[in-house]
Amino acid sequence: MEPPNKLTRSNEELTISHSFPDLSSLPEPVLVHILSFMDPKEAVQTCILSKRWRRLWTLIPSLNLTNSRFKGNDAAFVHFVTSMLYFRGASKLDTFSLHFNASQHVADEELCQIHVGVATSWIYSVLSCKPLVISLELHKFSYLKLPHALFTCASLEQLELKLIFYINNAESPGPKYVNLPNLKKLTLSLLKLNDPVMQGILSGCPLLEELNLSHCVLKFSEMKSDLLSCLSITSCRGSKVVEIFMPSLISLHLTNQCLEIIKLSLKNTPSLVKVFVFYSQYAVSHSSGALEFFRCLTAVPVIDLEFFGSGVKDLLEIIIPNCPIFHNLKQLSFGEWGTNEKLDVLFQLLQHTPNLEKLTIVHKKVECSRRAKQKVATIEIPFRCEKLKVIEVKYSDPSGVHELIDVFLRNTSHGERLRIDYSRSECVI
């Protein structure tokens with residue numbers, strides 16, 4: 001008889017264990033695919049498993065590197081990334097993402113310059129791998145000048161640059177020369193962009209389809225592109241009127257102060273059909289630029305217009321007296337709007353949308369007093385949207401939703417023909 005503490009495995013257990021192949025026996029593409037889901041540091045550590053695993057990690061087609069996982073030890077992060085890129089060599093790399101936020105206690109001039117030199121060498125190493133996508137987010141690199149080769153990489157299809165400086169709130173100057181023949185998507189943050197730079201970007205990216213500008217200083221007066229279909233401008237500032245010549249532009253996304261600090265003039269946008277506007281309370285004090293922009297929209301085939309932000313209601317109240325007629329508009333969205341929040345302004349705008357077919361409202365729950373409810377009940381501003389077929393209400397809390405719809409039905413002449421759709425959403429803008 002065997003000792004009681006001796007562990008034995010039954011025939012059934014042995015059969016089950018042998019039915020599963022050893023991990024190392026899997027095909028190389030499968031192993032590389034598995035490694036691609038691991039943290040880069042953990043993926044590199046698999047090199048000690050066996051000879052077969054020694055260089056498998058170098059075949060991972062995507063790298064997402066961030067110093068936040070090194071708990072403030074920037075020296076360890078720099079050593080890891082430098083070593084990793086050195087041993088990878090020129091192995092094919094589809095996507096490279098780098099997020100480096102230098103620790104507060106090492107953000108002095110000497111160390112900044114050291115980090116800049118290291119980051120520049122990393123970029124050159126990545127470019128030798130002919131990447132398709134590069135995303136760089138660098139904080140406190142106050143002396144960084146991006147290498148010229150980054151803006152002449154023929155393999156790039158997507159490029160994202162976010163450079164955050166902390167010396168005198170400086171913005172990095174944009175690239176002086178751009179030749180990215182295959183680039184389709186470009187995202188730029190915290191850059192100074194003048195006329196030569198913007199013209200160089202748009203002419204140097206002949207296949208560019210999507211351009212995102214965020215927190216940039218815009219000092220150019222025009223944007224020209226034949227193929228660009230999506231344009232987003234977020235929290236940028238500038239003093240010039242920007243004329244847009246984009247015959248293929250389909251979608252325009254504007255956020256925060258850009259309607260005021262930057263005045264946009266749509267000169268050649270015959271394909272524009274969707275416009276999203278997020279307007280903050282901060283920007284409402286200036287309305288001339290916004291009014292001119294909305295007038296431009298009446299001359300293009302915009303069929304879908306979305307308004308969001310805390311300043312939308314006050315903005316509409318300012319521009320309604322001179323508001324143009326949106327003959328082409330078929331879909332209109334608003335959010336967030338409470339039952340007792342300036343519904344009369346919304347009804348007045350609807351009088352300027354004779355061909356509207358769908359209205360979407362993101363409802364905001366508001367604790368209404370009895371007096372406020374009585375005020376809503378007495379609103380009488382009939383709007384005539386004979387082609388309006390659907391009113392969609394998105395809400396996170398049902399309180400007040402039906403009261404909001406009742407106000408609409410009381411002020412329209414064909415409420416019996418309207419379809420009311422309700423959509424519950426936990427994440428309301």
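# Exercises on a predicted model

Val-30 has its place in helix α2, which spans residues 28-35. The structure used in these exercises is a predicted model.

## Exercise 1: a surface patch

Find which residues form a nonpolar patch on the surface, and decide how Val-30 should be classed by its relative accessibility.

Solution. Begin with the patch, which is formed by Leu-23, Val-30 and Ile-34, and which has about 230 Å² of accessible area together. Then turn to Val-30, whose relative accessibility is 37%. Buried means under 20% and exposed means over 50%, with partly exposed in between, so Val-30 counts as partly exposed at its 37%.

## Exercise 2: aromatic rings

State how many aromatic pairs a search of the whole structure finds, and then describe the pair formed by Phe-70 and Phe-80.

Solution. The search of the whole structure finds eleven aromatic pairs. In the pair of Phe-70 and Phe-80, the rings are 5.8 Å apart from centre to centre, with 40° between their planes. Planes under 30 degrees apart count as stacked and those over 60 as edge-to-face, the rest being tilted, and the pair of Phe-70 and Phe-80 is accordingly a tilted one.

Next, place the two residues along the chain: Phe-70 lies in the loop between β1 (62-66) and α4 (74-88), whereas Phe-80 lies in helix α4, so the pair ties together parts that are ten residues apart in sequence. As for their surroundings, Phe-70 counts as buried at 13% relative accessibility, and Phe-80 is buried too, with a relative accessible area of 14%.

Finally, widen the view to the cluster, in which ring pairs link Phe-70, Phe-77, Phe-80, Phe-100 and Trp-122. A ring can also meet a charge, as where Lys-224 lies over the face of Phe-245, at 5.3 Å from the ring centre.

## Exercise 3: two salt bridges

Work out which parts of the chain are tied together by the salt bridge of Asp-39 and Arg-69, and which by that of Lys-162 and Glu-137.

Solution. The structure holds eight salt bridges, and one of them joins the side chains of Asp-39 and Arg-69, at 2.6 Å from N to O. Asp-39 lies in the loop between α2 and α3 (40-45) and Arg-69 in the loop between β1 and α4, so this pair ties together parts that are 30 residues apart in sequence. Asp-39 is partly exposed, with a relative accessible area of 23%, and Arg-69 is partly exposed at 47%.

The side chains of Lys-162 and Glu-137 likewise meet in a salt bridge, at 4.0 Å from N to O. Lys-162 belongs to strand β4 (residues 158-164) and Glu-137 to strand β3 (residues 133-139), so the parts tied together are 25 residues apart in sequence. Lys-162 is partly exposed, with a relative accessible area of 30%, and Glu-137 is partly exposed at 21%.

## Exercise 4: a network

Decide whether Asp-304 is buried or exposed, and name the residues linked with Asp-304 in a network of salt bridges.

Solution. Start from the salt bridge between Lys-274 and Asp-304, whose closest N and O atoms are 3.2 Å apart. This pair links distant parts of the chain, 30 residues apart, with Lys-274 in strand β15 (residues 274-278) and Asp-304 in strand β16 (residues 304-308). Lys-274 is partly exposed, with a relative accessible area of 30%, whereas Asp-304 counts as buried at 13% relative accessibility. The last step adds Glu-306, which is linked with Lys-274 and Asp-304 in a network of salt bridges.

How values were computed
Residues are numbered from 1 along each chain as its sequence is written. This is a predicted model: local features need pLDDT of at least 70, side-chain atom pairs count only at pLDDT 80 or more; totals for chains, interfaces and linings use all residues. Side-chain values use heavy atoms; hydrogens and water are left out. Patches are made of residues with over 30% relative accessible area and no salt bridge: like charges are joined within 9 Å, nonpolar side chains (Val, Leu, Ile, Met, Phe, Trp, Tyr) within 5 Å. Accessible areas come from the Shrake-Rupley method with a 1.4 Å probe; for residues, only the protein chains shown count as cover. Helices (H or I, at least four residues) and strands (E, at least two) are DSSP runs, numbered from the N terminus. Buried means under 20% relative accessible area, exposed over 50%, partly exposed in between (1.4 Å probe, protein chains only). Rings of Phe, Tyr and Trp (its six-membered ring) pair if their centres lie within 6.5 Å; planes under 30 degrees apart count as stacked, over 60 as edge-to-face and the rest as tilted. A charge sits over a ring if NZ of Lys or CZ of Arg is within 6 Å of the ring centre and within 35 degrees of the ring normal.
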